[in-house]
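User: Could you walk me through how to read salt bridges in a model like this one? I would like the general idea each time, then the case at hand.

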Amino acid sequence: MDSDGGNIVNFSSYKKTARDEKKRAAKQEKEKTAAANRVRFGRTGAEKKRAMLEAERRARLLEGKKLESEAAARDDGGEPRKT
C-alpha cells in the first residue's frame, strides 16, 4: 500500500507548526505591550539626571539640618553612642 504523499496528514508536524505560530504571536503581543509601556513609563536621560540631582540636593539639605554630625556622636572607642 504505497501512498502518493498527498493524502497522508502528518499531525505531529501540524501541531508543532501551530504551537510555534502561537508562541510567535504571543511574543509579538508581549513586544507590543512592552513598547507601549516604554513610551508610557520610560524616562529620558535628562529626566533621570534631574531626578538624581534632586535626590542629591535633598540629601545635602537633610544632612545640613541634622543636630549633631556622625563624628560627634561617637565615643572615644569609635562606636556610636547609645542614647
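User: Thanks! Which residue forms a salt bridge with Lys-16, and how far apart are the closest N and O atoms?

Analyst: Happy to help. First, this is a predicted model, in which local features need pLDDT of at least 70, side-chain atom pairs count only at pLDDT 80 or more, and totals for chains, interfaces and linings use all residues. Residues are numbered from 1 along each chain as its sequence is written, and side-chain values use heavy atoms, with hydrogens and water left out. A salt bridge here is a side-chain nitrogen of Lys or Arg within 4 Å of a carboxyl oxygen of Asp or Glu. In this case the partner of Lys-16 is Asp-20, with the closest N and O atoms 3.2 Å apart.

User: Where do Lys-16 and Asp-20 sit in the helix, and by how much are they separated?

Analyst: Helices are DSSP runs (H or I, at least four residues), strands are runs of E (at least two), and both are numbered from the N terminus. Lys-16 and Asp-20 both lie in helix α1 (residues 11-41), 4 residues apart, which means a separation of about one helical turn.

User: Are those two side chains buried or exposed?

Analyst: The scale runs on relative accessible area: buried is under 20%, exposed is over 50%, and partly exposed is in between (1.4 Å probe, protein chains only). Lys-16 is partly exposed at 44%, and Asp-20 is also partly exposed, at 28%.

User: Which residues are linked in a network of salt bridges?

Analyst: That network links Glu-54, Arg-57 and Arg-58. Glu-54 meets Arg-57 at 2.7 Å, N to O, and pairs with Arg-58 at 3.4 Å between the closest N and O atoms. Glu-54 and Arg-57 are 3 residues apart in helix α2 (residues 45-65), so about one helical turn separates them. Arg-58 and Glu-54, 4 residues apart in helix α2, are likewise separated by about one helical turn.

User: How accessible are the members of that network?

Analyst: Glu-54 is partly exposed at 29%, and so is Arg-57 at 34%. Arg-58, at 57%, counts as exposed.

User: And how many salt bridges, helices and strands are there in total?

Analyst: A search of the whole structure gives 5 salt bridges. The protein chain has 2 helices and 0 strands. Of its 83 residues, 0% count as buried.

User: What area does the protein chain expose?

Analyst: Accessible areas come from the Shrake-Rupley method with a 1.4 Å probe, and for residues only the protein chains shown count as cover. The chain exposes about 8500 Å², with carbon and sulfur atoms supplying 54% of it.
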